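Biologist: I'm new to reading models like this one. Could you pick a single part, look at it closely with me, and explain each term as you go?

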Amino acid sequence: MMNIENVEKTDHLKLIEIWEASVRATHDFLVENDIQALRPLILEQYFDAVDLRCAKNTHGEIHGFCGVHDGNIEMLFIAPEARGKGIGALLVAYAIKSQGATKVDVNEQNVQALGFYQHIGFSVIGRSPVDGQGKPYPLLHLSL
């Protein structure tokens, strides 16, 4: 049983652990320097720039999180050991229903994420040749 809860500042260190483990498990196109460069940005800037929610089990342990800004799912990361258990779908359903999310950008190379969002009902509506940092990691723009 998972509960969707607000994220507190004290949760940020756990979230960055989940982020890094998830990225290492799913973003094999990133090089180590990219991960190391993103880590402090996410911890010090990006978490505060989105409406963050997390999925906690009955023991209060965080297994995933989702951040929404201006109707866009900006981040969705699930602990690798918790993947495939419906936590991502639960967080996205909450983001759609309670946070007004209707859009998401996915790295083109992350075919698992693309398939996940398409399964939920998102469709590709555009493409950018670079990511938000201007790196050569194309983004697919999806919408409900």
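Modeller: Let's start with one helix, then see how another pair packs, and finish with two single residues.

First, a bit of housekeeping: this is a predicted model, where local features need pLDDT of at least 70, side-chain atom pairs count only at pLDDT 80 or more, and totals for chains, interfaces and linings use all residues. Residues are numbered from 1 along each chain as its sequence is written, and side-chain values use heavy atoms, with hydrogens and water left out.

Our close-up is helix 2, residues 32-46. Helices here are DSSP runs of H or I with at least four residues, strands are E runs with at least two, and both are numbered from the N terminus. Helix 2 has 15 residues and should span 21 Å, which agrees with its end C-alpha atoms being 19 Å apart. (The expected span is 1.5 Å times one less than the number of residues.)

Inside helix 2, Asp34, Ile35, Leu38 and Ile42 are buried; buried means under 20% relative accessible area, exposed over 50%, and partly exposed in between, using a 1.4 Å probe and protein chains only. It helps to know that an α-helix has 3.6 residues a turn, so residues three or four places apart point the same way. Among the things covering the buried residues of helix 2 is helix 1 (12-26). Take Asp34: its relative accessibility is 8%, so it counts as buried. Setting aside neighbours within four places in sequence, Asp34 touches Lys135 and Tyr137, where contact means heavy atoms within 4.5 Å.

Now for a pair of helices. The axes of helix 3 (residues 87-99) and helix 4 (residues 111-120) come within 11 Å and cross at roughly 55 degrees. That makes helix 3 oblique to helix 4. (Axes are lines fitted to C-alpha atoms, for helices over the stretch in contact, with angles from 0 to 180 degrees between N-to-C directions; under 35 is roughly parallel, over 145 roughly antiparallel, 65 to 115 roughly perpendicular, and the rest oblique.) Gly88, Ala89 and Val92 of helix 3 meet Phe116, Tyr117 and Ile120 of helix 4.

Finally, His63 sits in strand 3 (residues 62-69) and is buried, at 17% relative accessible area. Beyond its neighbours within four places in sequence, its contacts include Met2, Ile18 and Ile87. Asp70, in the loop between strand 3 and strand 4 (72-78), is exposed at 65% relative accessibility. Asp70 also has a positive phi of about 55 degrees, although it is not a glycine.
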